[in-house]
Amino acid sequence: MIAVATRTSTERPTTETRAPGGAAAAVPRATRDRLRLAGPSVVLVALVLLVALAEPNFLSMNALAVVSAQAVPILLLGLGQMFVILTGGIDLSVAALASLATVILATAIGSLGPLAVVVTLVALTLIGALTGLLIVFGQVPSFVVSLGALGFWGAVALVASGSTTIYISEGYDAIFWLSSWTALGLPMAVWAGVAAVAAVFCAMRFSPRGNVFHLVGLGETAAMMSGVRTRVVRVGAFALSGFFAGAAGIVLSAQQQSAAPQLADSLLLPAIAAVLVGGCAITGGIGGAWRVLVGALVVTVLRVGGSVAGIDPSFQQIVYGVVVIVAVAVTLDRSRLSIIK
């Protein structure tokens with residue numbers, strides 16, 4: 001039974017911040033929290049309008065369907081990453097796991113059909129849990145373990161695939177609907193991503209234990225003394241990260257009708273950026289599924305919109321980097337850090 005307060009990440013204390021001289025800060029914490037909550041959505045709308053001014057066809061249904069479809073793998077990887085970041089850690093292996101998931105799926109789907117989807121999700125969840133166990137019981141920082149996992153599972157994917165692309169023909173019927181079927185003009189993969197966001201939000205908002213990830217991130221010692229099994233929560237966060245990496249790999253396989261050992265590798269930084277740009281704090285304890293959805297759309301519009309608007313790729317990377325740095329600077333909870341390194 002959890003005996004700690006059930007305050008959510010956005011329901012922070014409304015006390016005013018004191019300036020070094022003792023005077024109250026000009027902006028109360030509650031106001032700053034509201035601004036921090038609304039900021040990503042404002043940025044998303046501004047980016048869409050800017051791209052639409054440069055290329056009006058960007059707001060057409062076909063263009064929006066393409067952008068939203070490209071956002072789905074980033075969204076799914078971001079959702080998994082969110083659980084780890086909420087607990088104060090980071091998982092650098094998610095993109096490599098998604099690539100491995102495409103290889104596992106392509107290898108098994110010919111003989112197992114739809115069951116290969118289940119096998120892939122179970123395998124990636126167990127791999128994520130293994131990473132969490134190594135971190136929790138090995139007392140090794142998540143950055144180090146997940147960096148090693150990135151290289152290890154990337155190499156496993158290379159060996160399993162023979163370092164080549166595997167085209168999916170037999171058994172493709174089990175996943176083709178994700179990219180081929182549409183509803184209201186959008187691929188089913190987009191609706192599946194929205195459903196995943198809604199499910200995560202409901203589980204964290206309405207479940208009695210839904211805020212344990214936030215509690216561990218805000219103060220692991222206090223959470224442990226309040227009865228929260230913090231080790232289980234942290235392992236669970238990495239297991240969920242593995243699960244959503246598997247889901248991202250399945251969507252990528254459906255979109256590409258193929259698998260490759262490095263198919264998702266370029267999505268590592270966008271996935272982390274989606275979590276941070278959406279307003280989840282890198283220090284842990286603050287964040288939610290809808291924030292990740294907004295962050296994934298912002299990152300995708302930055303990636304796709306720049307090309308649509310005809311911006312030089314070098315300037316696109318500059319804008320991309322500036323947005324990520326500003327997002328981290330705005331969402332960083334400095335009240336929990338004595339020294340910024």
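In the predicted model, leucine 252 is found in helix H10, and with a relative accessible area of 7% this residue is buried. Leaving aside neighbours within four places in sequence, leucine 252 is in contact with Pro73, Thr102, Gln257, Leu263, Ala264 and Leu267. The C-alpha atom of leucine 252 is separated by 9.3 Å from that of serine 179, although the two positions lie 73 residues apart in the numbering of the chain, counted as their distance apart.

Serine 253, which also lies in helix H10, has a relative accessible area of 0% and is therefore buried, the cut-off for that class being under 20%. When residues up to four places away in sequence are not counted, serine 253 touches Thr102, Leu105, Ile168, Tyr172, Ile175 and Ser258. Thr102 thus appears among the contacts of leucine 252 and again among those of serine 253. Proline 73, a contact of leucine 252, can also be placed relative to glycine 193, from which it is 120 residues apart in sequence and 8.5 Å apart in space, C-alpha to C-alpha. Glycine 193 is found in helix H7, which spans residues 188–206, and counts as buried at 1% relative accessibility.

Helix H10 takes part in a salt bridge as well, through the side chain of arginine 234, which meets that of glutamate 220 at 3.4 Å, N to O. Because arginine 234 lies in helix H10 (residues 230–256) and glutamate 220 in helix H9 (residues 220–225), the pair ties together parts that are 14 residues apart in sequence. Glutamate 220 is partly exposed, its relative accessible area being 28%. The structure holds one salt bridge.

Beyond helix H10, glutamine 257 is placed in the loop that leads from H10 to strand E4 (258–259). The phi angle of glutamine 257 is near 50 degrees, a positive value in a residue other than glycine, and at 35% relative accessibility the residue counts as partly exposed. A positive phi is also found at glutamine 139, where the angle is about 55 degrees although the residue is not a glycine. Glutamine 139 lies in the loop between H4 and helix H5 (142–161), and at 59% relative accessibility this residue counts as exposed. At glycine 279, just after H11, phi is again positive, with a value of about 110 degrees.

Helix H11 itself, made up of residues 268–277, is mostly covered, since nine of its 10 residues are buried. The buried residues are Leu268, Pro270, Ala271, Ile272, Ala273, Ala274, Val275, Leu276 and Val277.

The packing of helices H3 and H4 was examined next. The two helices pack at an angle of about 145 degrees, their axes lying 8 Å apart, and H3 passes H4 in a right-handed crossing. On the side of H3 the contact is made by Leu97, Leu100, Ala101, Ile104, Leu105, Ala108, Ile109 and Leu112, while H4 contributes Leu115, Ala116, Val117, Val119, Thr120, Ala123, Leu124 and Ile127. Leu105, one of the contact residues of H3, is also touched by serine 253.

Part of this pair of helices is found at the surface, where Leu112, Leu115, Val118, Val119, Val122 and Leu126 make a nonpolar patch of about 500 Å². Helix H4 (residues 115–138) gives the most to the patch, with five residues, whereas leucine 112 lies in helix H3 (residues 94–112). Leucine 112 is partly exposed, with a relative accessible area of 37%; patch membership requires over 30%, so leucine 112 meets that cut-off. Leu112, Leu115 and Val119 are named both in the patch and in the contact between H3 and H4.

For the chain as a whole, the secondary structure comes to 13 helices and four strands. Buried residues make up 48% of the 341 residues, and the chain exposes about 16,100 Å², of which carbon and sulfur atoms supply 68%. Among contacts between residues at least 6 apart in sequence, 76% join residues at least 24 apart.

Definitions and conventions: Residues numbered from 1 in each chain as written. Predicted model: local features only at pLDDT ≥ 70, side-chain atom pairs only at ≥ 80, totals over all residues. Heavy atoms only, no water. Salt bridge = Lys/Arg side-chain N within 4 Å of Asp/Glu carboxyl O. Buried < 20%, exposed > 50% of the residue type's maximum accessible area, 1.4 Å probe, protein only. Contact = heavy atoms within 4.5 Å. Areas by Shrake-Rupley, 256 points an atom, 1.4 Å probe, with all protein chains shown as cover. Patch = residues over 30% accessible without salt bridge, like charges linked within 9 Å, V, L, I, M, F, W, Y side chains within 5 Å. Axes fitted to C-alpha atoms, helices over the stretch in contact; angles between N-to-C directions. Left-handed = near helix turned anticlockwise from the far one by under 90°.
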